[in-house]
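Q: Show me how to read a model like this one, feature by feature. Start wherever you like.

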Amino acid sequence: MNAIREGDPQAAVAGAALPHDSAHLHVCGAATYIDDIAELRGTLYAAIGTSERAHARIVSIDLSAARSAPGVVCVIAAADIPGKNDCGPVIADDPIFATDHVQYFGQSIFAVAARSVDEARRAAKLARIEYDDLPALLTAPEAVAANSFVLPTERMRRGDAAAAIAGAPRRLRGRLAIGGQDQFYLEGHIAYAMPREDNTMLVHSSTQHPGEVQHQVAHALGVASKDVVVECRRMGGGFGGKESQPALFACVAALLARATGKAVKLRLDRDDDMTITGKRHDFVTDYDVGFDAQGRILGISFVLAGRCGYSADLSGSINDRAMFHSDNCYYLENVDIVSYRCKTNTVSNTAFRGFGGPQGMMGIEYVIDEIARQLDLDPLAVRKANFYGKTERNVTHYQQTLEDNCIEEIVAELEVSSDYAKRRAAIREWNRTSPILKRGIALTPVKFGISFTATHLNQAGALVHIYKDGTVLLNHGGTEMGQGLFIKVAQVVAEELQLDIGAIRITGSDTSKVPNASPTAASAGTDINGKAAQLAARTLKERLIAFAAEHFGVDAAQVGFLRNRVRIGDRTLPFKELVNLAFVARVSLSATGFYKTPKIHYDRKTFTGRPFFYFAYGAAVSEVVIDTLTGENRMLRVDILHDVGKSLNPAVDMGQIEGGFIQGVGWLTTEELCWNAQGRLTTHAPSTYKIPVASDVPPRFHVRMLERSSNVEDTVHRSKAVGEPPLMLGISVFHALKDAIASTVDYVVSPQLDAPATPERVLHSVVQVRQRVAAQSTPATAMGAPA
Ligand code: MTE
Ligand code: HPA
Ligand code: MOS
């Protein structure tokens, strides 16, 4: 924590380690989440009736028992939707209510509004639905075999991968299964719809994308966007799970509110939330790689099969991002990446921190580890041999030139500060004399592209008011999900106007203040909303300067903003006095700001261009220990060095690095999603789905931000996005586990290990490597082969 600078009232506000603006409210339970909003009189509570089949034709729906159940006020299904029966974010394949056919276990079919939550939930179980079962595809490989895709297959290529692989001195082929992950935000999906006069509607939605919820609710109600307002003060976590999928719940609440004329709240319990909503895409990745004796990759092909579930949702961009990150930090001269967007009869998978990037990165990191074990080299040496260069070998497979590559410096610094080489040798020595417990270590790097790959989303708006007393109200299109966006943007505005942070009132996201805002996602929240707010503040500042110059008869160059004061010629005035004078002189004290990310362009047909404004880099060294009798494991020590450019708020950024890393570790170790043969999710509560908790934090956890860093691009105060990139530092833990497993056979064969590396999988992998080594050392005849 040494890199954090303490808050100092004299110091700049931008760059100060200020606490999260709601920290005091979070810790004493006074932060208002949607379920805490004081309820309107007559509020009704909703529940959704869902499919109990993975894939079936609906023969009949009888809702009479639900309608007559105690407390029930209204029951609606598809035929009751005045507008469009769809809430798909990109293409219209997400019905609000299924009609003639259900496509996953948990799909919404109808909804109930009742006088209590309990009555609504009981009634939602009373439908009599007759199904005619259809064959269900549950996994990505099944979908590939059946040619079942939500979107067309895509391919990114450079050079001649097949020829390079065939001509390489060494070759490896294999398959890696990478599990999905539930977002497990602490606040589940919730929407509270309030009908207002003249057919208008206010919806409080826990959403990363209020503008999209507004549009979807308007479509469902058959009204215009101007007639719907969506607000979100904060989410209790989103993690991508609230980028597109809040729309369903907002639409259902609004439809019931319209039907009853009452306010309607729909809050999912955890089981329903996990069953109904999408998760990180699980992938099955096939690789074929040719390399030389130093482990340098000469040619590589990947086939990525991402399980999208029953509809497209955001799967196009997510699978694109997996392809964009299949290089991670490595120059792949001859590369061929095929991406299948598998349509299955499971929940529609969606955004999750990293947005496909982690899955793409896992593929190449696994391959590098395999190459190193094949050659008996330190995996770190193979990583370094394949790093992108700075002036050559510096163009990605999608033709973007790296202009900010600092991965070699980060890894070199971390290697020293973590004492990697010495510890690796010591671990190998320790393993020799430890028969049951085995240790492993791995260093993995991260390079993550910053910008929405859908270029048009890289825009933001802000609205800033200055009141007569010199205080400021700040609003922008971003949403707060705990990541600290609001405090960072407030710091930018405070810095611009040279005010104390306490002079700024942060307000919730509201579609009536900033229209058509992009989702808060792709880690770009601060980059784009911070710039928009800075521009709005700058406009106000320029107006005040022009006014002061005229009013006091000085040159504009003689007006300067000091902390809470303004210097005008040789006098200084409190900020609020100048504001008051400006008000009396009828100067507008409200301004908008608009920003669009420059330089980016990209042709989705050829997958070439500059999809990313810049890259965020980091690296982690993880040391683990496994119990070879049970597969149980834990982290012993983790060292992280991560680049946040010039941090806008080191306290917030540190939290993002630590939290992101731990969430990545959860993805690759304990968080396992299981579906039964009927396609029903069986891990739908914390009793069966294990996210990391405080006691899982490694006892030695050394997290540092790269010092004296900046951003080569003109981002807000030269900071770098930090929300998603650290998640992928968790990949080091997976590879440390693989290293520990390899030690059980003295590193002579490479373990096969799928993700998540649960204790069961670790144990299985240990048994497997031992069997393989035993088979190698036994004469073929003894193995039962024909003599
Ligand atoms: N941090 C917290 N505490 N809660 C969250 O839901 N979401 C992550 C990341 N960090 C999340 C979080 C995801 S998926 C993204 S894209 C970014 O925050 C979004 O916010 P930003 O763009 O402001 O970084
Ligand atoms: N990241 C996150 N969300 C998105 C993206 C992206 O690249 N593109 C569209 N939505
Ligand atoms: Mo984050 S997955 O881009 O919401």
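**Reading the model**

A: Let's start at ligand 2: one of its nitrogen atoms has a polar side-chain atom of Glu 243 2.8 Å away. That fits the cut-off for a polar contact, a pair of N or O atoms within 3.5 Å (within protein, one must be able to donate a hydrogen and the other to accept it, and residues adjacent in sequence count only if both atoms are side-chain atoms). Before we go on: this is a predicted model, so local features need pLDDT of at least 70 and side-chain atom pairs count only at pLDDT 80 or more, while totals for chains, interfaces and linings use all residues. Residues are numbered from 1 along each chain as its sequence is written, chains are lettered from A and ligands numbered from 1 in the order in which they are written, and side-chain values use heavy atoms, with hydrogens and water left out.

Q: Which other residues offer polar atoms to ligand 2?
A: Arg 321 does so from its side chain, 3.1 Å from an oxygen atom of the ligand. Thr 453 uses a polar backbone atom instead, 3.2 Å from an oxygen atom of ligand 2. With the protein in place, 97% of the 250 Å² of accessible area that ligand 2 has on its own is covered (Shrake-Rupley method, 1.4 Å probe; for residues, only the protein chains shown count as cover). The residues around this ligand, each with a heavy atom within 4 Å of it, include Ser 317, Phe 355, Phe 452 and Leu 457.

Q: And what sits around ligand 1?
A: It has 18 residues around it, and Gly 238, Phe 239, Met 481, Gly 525 and Gln 656 come nearest. Look at the backbone here: a polar backbone atom of Phe 239 is 2.9 Å from an oxygen atom of the ligand, and one of Met 481 is 2.9 Å from a nitrogen atom. A backbone N or O atom of Ser 523 is 3.4 Å from an oxygen atom of ligand 1. Of the 520 Å² of accessible area ligand 1 has on its own, the protein covers 92%.

Q: How do I read charges? Which side chain of opposite charge is nearest to Arg 353?
A: Side chains of opposite charge can pair when their charged atoms come close. The test for a salt bridge is a side-chain nitrogen of Lys or Arg within 4 Å of a carboxyl oxygen of Asp or Glu. Lys and Arg count as positive and Asp and Glu as negative, with His and the chain ends not counted. Arg 353 is buried and has no salt bridge; Glu 724, the nearest side chain of opposite charge, is 7.1 Å away. "Buried" means under 20% relative accessible area, "exposed" over 50%, and "partly exposed" in between (1.4 Å probe, protein chains only). What Arg 353 does have is a polar contact of 2.8 Å between its side chain and that of Gln 663. It also touches Phe 239, Arg 280 and Leu 727, among others, where contact means heavy atoms within 4.5 Å.

Q: How many salt bridges does the whole structure have, then?
A: The search finds 45. One of them joins Lys 447 and Asp 327 at 3.1 Å, N to O. Those two are 120 residues apart, with Lys 447 in strand S16 and Asp 327 in the loop between helix H9 and S15. (Helices, H or I with at least four residues, and strands, E with at least two, are DSSP runs numbered from the N terminus.) Lys 447 and Asp 327 are both buried.

Another bridge pairs Glu 413 with Arg 704, closest N and O atoms 3.3 Å apart. Glu 413 is in helix H12 and Arg 704 in strand S29, so this pair ties together parts 291 residues apart in sequence. Glu 413 is partly exposed, at 34% relative accessibility. There's also a network of salt bridges that links Asp 369, Glu 370, Arg 373, Lys 738 and Asp 739.

Q: What should I look for in the backbone?
A: Most residues other than glycine have a negative phi, and most peptide bonds are trans. Asn 147, in the loop between helix H4 and strand S7, has a positive phi of about 55 degrees. It is exposed, at 61% relative accessible area. Gln 399 has a positive phi too, near 70 degrees, and is partly exposed at 42%. For a cis bond, go to Ala 755 to Pro 756, where omega is near 0 degrees; Pro 756 is in the loop between helices H18 and H19.

Note on methods. Lists of a residue's contacts leave out its neighbours within four places in sequence.
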